[in-house]
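Trainee: I'm new to this one. Could you walk me through the words people use for it?

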Amino acid sequence: MNWKKKYGGVALIIAAAVTLQACDQKVADTTQASQKLAEPITVKHALGTTVIDHLPQRVAVLDMNEADFLDQLNVPIMGMPKDYVPHFLEKYKKDAQIQDLGAIVQPNMERIYALKPDLILMTPLHVNQYQELSKIAPTIHYDINFNNSESNHIGLVKDHMMTLGKIFNKEDLARQKVSELDEQVKQVQAVTDNRPERALVVLHNNGAFSNFGIQSRYGFIFNAFGVKPASSVVDTSLHGQPISSEFIKKADDLARLKHHGYRESVQMTPALLRLSAN
């Protein structure tokens, strides 16, 4: 009798059991083997103070902004919401080893708890869950203003990058990324400097249009990039000011900036093509 045929099934069961046990042990070892920092890192944010005394190994991110930061720093992500993942982070959505933590606006607390993270990164979207999250693991709030980014938006981005770089012992890489961002901003400013053209930042969602002005979540486009606004309406709503297609048609000679998800892309209208070509 062929031994493999007779005992192959038993062997597979044993192998599977050993593998599962090894996986569980690996998770436990990873958590226990977290490197203790020589000096604790204290992070002050809008919701309180968070102390990090170990190098995080099991990080849960609750927003694509935070996933983007960790991607830039080459820091592994253990869990994240996967209801919306932009194309430049698509690899995380497809990775079965990264736990799906539900929706960005309403993370699944049970899944977060089961993940046993040693650091949670959140944004203003999760303010109401902060206390509960803090009981699970050290939790850091990203102090970005989703309602009004007119003031110091780029500075906040750079500060957060440097904070994460310090936490994950990647300060050199963080400084490099900050330098790259500064250079990119300068390149945009070189294009917009002393230009007469004005721009709209428009979101299209389910057939409706919204305009985002100088004191909106995309105010940094005007304040930091030097783009001149086509609308003088001051609006700090998270979802912008509703506008009609007629409003946009009246601005046909303008450069229109479109938003899709978490990063701004430029729609190359004739006006903007002329702006960038000159």
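Mentor: Sure, let's take a few labels and check each against its definition. This is a predicted model, where local features need pLDDT of at least 70, side-chain atom pairs count only at pLDDT 80 or more, and totals for chains, interfaces and linings use all residues. Residues are numbered from 1 along each chain as its sequence is written, and side-chain values use heavy atoms, with hydrogens and water left out.

Trainee: Why are α2 and α6 called oblique to each other?
Mentor: The axes of α2 (residues 64–72) and α6 (residues 153–167) cross at roughly 55 degrees and come within 10 Å. Under 35 degrees counts as roughly parallel, over 145 as roughly antiparallel, 65 to 115 as roughly perpendicular, and the rest as oblique. So α2 and α6 are oblique.

Trainee: Which residues of α2 and α6 make the contact?
Mentor: Contact means heavy atoms within 4.5 Å. On α2 they are Glu 66, Phe 69, Leu 70 and Gln 72, and on α6 Val 157, His 160, Met 161 and Leu 164.

Trainee: What makes Lys 116 count as exposed?
Mentor: Exposed means over 50% relative accessible area, buried under 20%, and partly exposed in between (1.4 Å probe, protein chains only). Lys 116 has 55% relative accessibility, so Lys 116 counts as exposed. Lys 116 is in the loop between α4 (109–115) and β6 (119–122).

Trainee: And why is Asn 194 called exposed?
Mentor: Its relative accessible area is 69%, so Asn 194 is exposed too. Asn 194 also has a positive phi of about 60 degrees, although it is not a glycine.

Methods:
Axes are lines fitted to C-alpha atoms, for helices over the stretch in contact, and angles run from 0 to 180 degrees between N-to-C directions. Helices (H or I, at least four residues) and strands (E, at least two) are DSSP runs, numbered from the N terminus.
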